[in-house]
Protein chains: 2
Amino acid sequence: MHKPTIQDVARLAGVGVGTVSRVLNNHAAVRDSTRQTVLSAIRDLEYVPNPHARRIAGGKSYTISILLPVITTEFYVRLLDGLESAFQEARYDVAIFPLLDRSRLERYLGSHTLAYQADGLVMATYNLTQMLSENRLRDQQPMVLVDAYADGVDCARMDNHLGGRMAGQFLAQQPGYSYAVWVETELDQIFTSRVFEERSAGFHAAMAEAGRTVSGEFISSFDAHAARTVAGQVLDAAQFPATIFASADLLAGALLDEAQVRGIAVGSDLKVLGFDDQPWAAARGLSTLHQPVEAMAYEAATLLLARLSGYRGPPRVRTFEPRLVLRSSTGDS
Amino acid sequence: MHKPTIQDVARLAGVGVGTVSRVLNNHAAVRDSTRQTVLSAIRDLEYVPNPHARRIAGGKSYTISILLPVITTEFYVRLLDGLESAFQEARYDVAIFPLLDRSRLERYLGSHTLAYQADGLVMATYNLTQMLSENRLRDQQPMVLVDAYADGVDCARMDNHLGGRMAGQFLAQQPGYSYAVWVETELDQIFTSRVFEERSAGFHAAMAEAGRTVSGEFISSFDAHAARTVAGQVLDAAQFPATIFASADLLAGALLDEAQVRGIAVGSDLKVLGFDDQPWAAARGLSTLHQPVEAMAYEAATLLLARLSGYRGPPRVRTFEPRLVLRSSTGDS
DNA sequence: TTGTACGCGTTATCAT
DNA sequence: ATGATAACGCGTACAA
């Protein structure tokens, strides 16, 4: 009663192993009737191909390494979902490497571990421009950046500058005072993520174009406790009517909480615009900028898979745009 | 110019492939002279065994899955180091699964991915008692808990109760007022980590035994910004001379910072005791509780490897004790 | 102690 | 379109 193999499937379906393999990899033309027979045999036996056997027979590892920062956010959950689903379709496995510290990056990239285990590399969020220019990355390995941008590599990125600009344009239409809350970002020459910098630049550009001034800006670190504290500071300092752009839903949520405690009506005197469209945003009526994260992740995977199947063209960059979702926190709908 | 295989090594060394394999797995008795020959051939060719080939030939995956919470701490960096080094010695690969959310745990445990990819499971920090009792974990898979405890499974854990107790005993010897700062922990029936609860219980027990009272307790979330804010609150509220037990070095560091800004002399009027012994603790003279993290991780790996090689005995629990390191922040040394 | 040969479960290459 | 069969690189009985 061992695990069924491709042989068992072939026997049950009354075909050769080659045919089964072809069905598995949707190769060439297989007559539709036999394909169905094979498929049902697979189902009956609950057959699951042995990945190690394919790896050795195919000469590839059928594995993609994903390197990402360790941050527990909906954003990364969705990112991983998008990546995994895309790679799964192409029958690739995924190995996740959480970048807890700098030395781990070096180790992962330098060691022979990855060399064997991955046909390609996905790097999330980090801006690797410097590393690439220093040639610290072995560019013989196909790779793609997601939620980040660098020259000379395939990238799938969010247009955070545009996101900030959209927020700025929205705020510029609102009467009263404008405020913004930003996320404090670690500074590390190599690991830097410019996400919030870009949102800020876009926001200020739009406000300036509209001839509006920002009455106050605040900075919070990315955690619930700090967000709440800063929310208090913002509401203490704000003059009303006020519209606040919170550059992450986490911060916006804290503002909603704090406003409720203080009995401030959200949607009229105080308007709040977030960024992310977290799962709870709709339920709480938070207006925010929705990011097509899964789509971006899926596209990143597609770019990489293209390289893996031989595409040799110049680096391609795919840019994704956030979408303004207006709800009750800005008095809409 | 392809990757050297075991055949190439055998040829160069003038032996059979069997012998090379035996050397690789330090099997049986191989004459020492031939072993050296083989070894040098391996070095010359820079031969690295193809893991997929072993997996399919050996019928095992030679892979261990490590499931851990996504928290960027020195603690987890060291934990991974300890685990990886131990498994590497035994020629096992490691697959890391960051538990970004609940659904990911379920997916990892339920899916067939892991089934193929791992011979064993390491689960870090999370308290899985409930999951185990509900039989949601397929216990056919050998597993070990590290930095956590549950009935019926091998565990390598830190004695956090003792750690808290040691802190309490130390504070009880100090003149003046005693304060404590705790880390806010998420509440989730399944994911709960009881680390800080235990430290708190031990601390209070020791203080009570010594007939001392705690003049104030504070809670901070686990991030630099919040820690700094809370540090300010603590120093605002404290009466001096004061000794503060910060249940994590991160919090202790913030207290040191805040004290410096306020010109409070640390080591006399204000004493601070941390927990963790982060890399910077020595340089900043922070007294703290050092945890033998690598040793714990190594032991966890050893317990699991024992299961993998057939050990069938009852669950074993290994407990590790923190060590009080006194430096200038408590006026010592 | 050591070499040979077979088997692991796939994919790929041939014929057919 | 499909079936046989040769790789793929290694572990391991078995024979020597």
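This is a short tour of a predicted model, going from the surface around one DNA strand to salt bridges within the protein chains.

Begin by selecting DNA strand D together with the residues around it, of which there are 27, with A:Thr19, A:Arg31, A:Thr34, B:Ile6 and B:Tyr47 coming nearest. Colouring this surface by class shows 12 nonpolar, 11 polar and four charged residues, and the helices α2 (17-24) and α4 (51-58) of chain A, along with α2 (17-24) and α4 (51-58) of chain B, each supply at least two residues of it. On the DNA side, 64% of the strand D atoms within 4 Å of the protein belong to sugar or phosphate, and the rest belong to bases.

Next, zoom in on the phosphate oxygens of strand D, where one lies 2.5 Å from an N or O atom in the side chain of A:Thr19. In chain B the partners are polar backbone atoms, with a phosphate oxygen 2.4 Å from B:Ile6 and a phosphate oxygen 3.0 Å from B:Asn50.

Now turn to the salt bridges, of which the structure holds 22 over all chains. Select A:Arg55 and A:Asp93, whose closest N and O atoms are 3.3 Å apart; A:Arg55 lies in helix α4 and A:Asp93 in strand β2 (residues 93-99), so the pair ties together parts of chain A that are 38 residues apart in sequence. A:Arg55 is buried, with a relative accessible area of 5%.

Then move to chain B and select B:Asp277 and B:Arg327, which meet in a salt bridge at 3.2 Å, N to O, and link parts of the chain 50 residues apart; both residues are buried.

Finish at A:Arg228, A:Asp236, A:Glu258 and A:Arg262, which are linked in a network of salt bridges.

Definitions and conventions:
Residues numbered from 1 in each chain as written. Chains lettered and ligands numbered in written order. Predicted model: local features only at pLDDT ≥ 70, side-chain atom pairs only at ≥ 80, totals over all residues. Heavy atoms only, no water. Near = heavy atom within 4 Å. Polar contact = N/O pair within 3.5 Å; in protein donor to acceptor, adjacent residues only side chain to side chain. Helix = DSSP H or I, 4+ residues; strand = E, 2+ residues; numbered from the N terminus. Nonpolar A, V, L, I, M, F, W, Y, C, P; charged D, E, K, R; others polar. Salt bridge = Lys/Arg side-chain N within 4 Å of Asp/Glu carboxyl O. Buried < 20%, exposed > 50% of the residue type's maximum accessible area, 1.4 Å probe, protein only.
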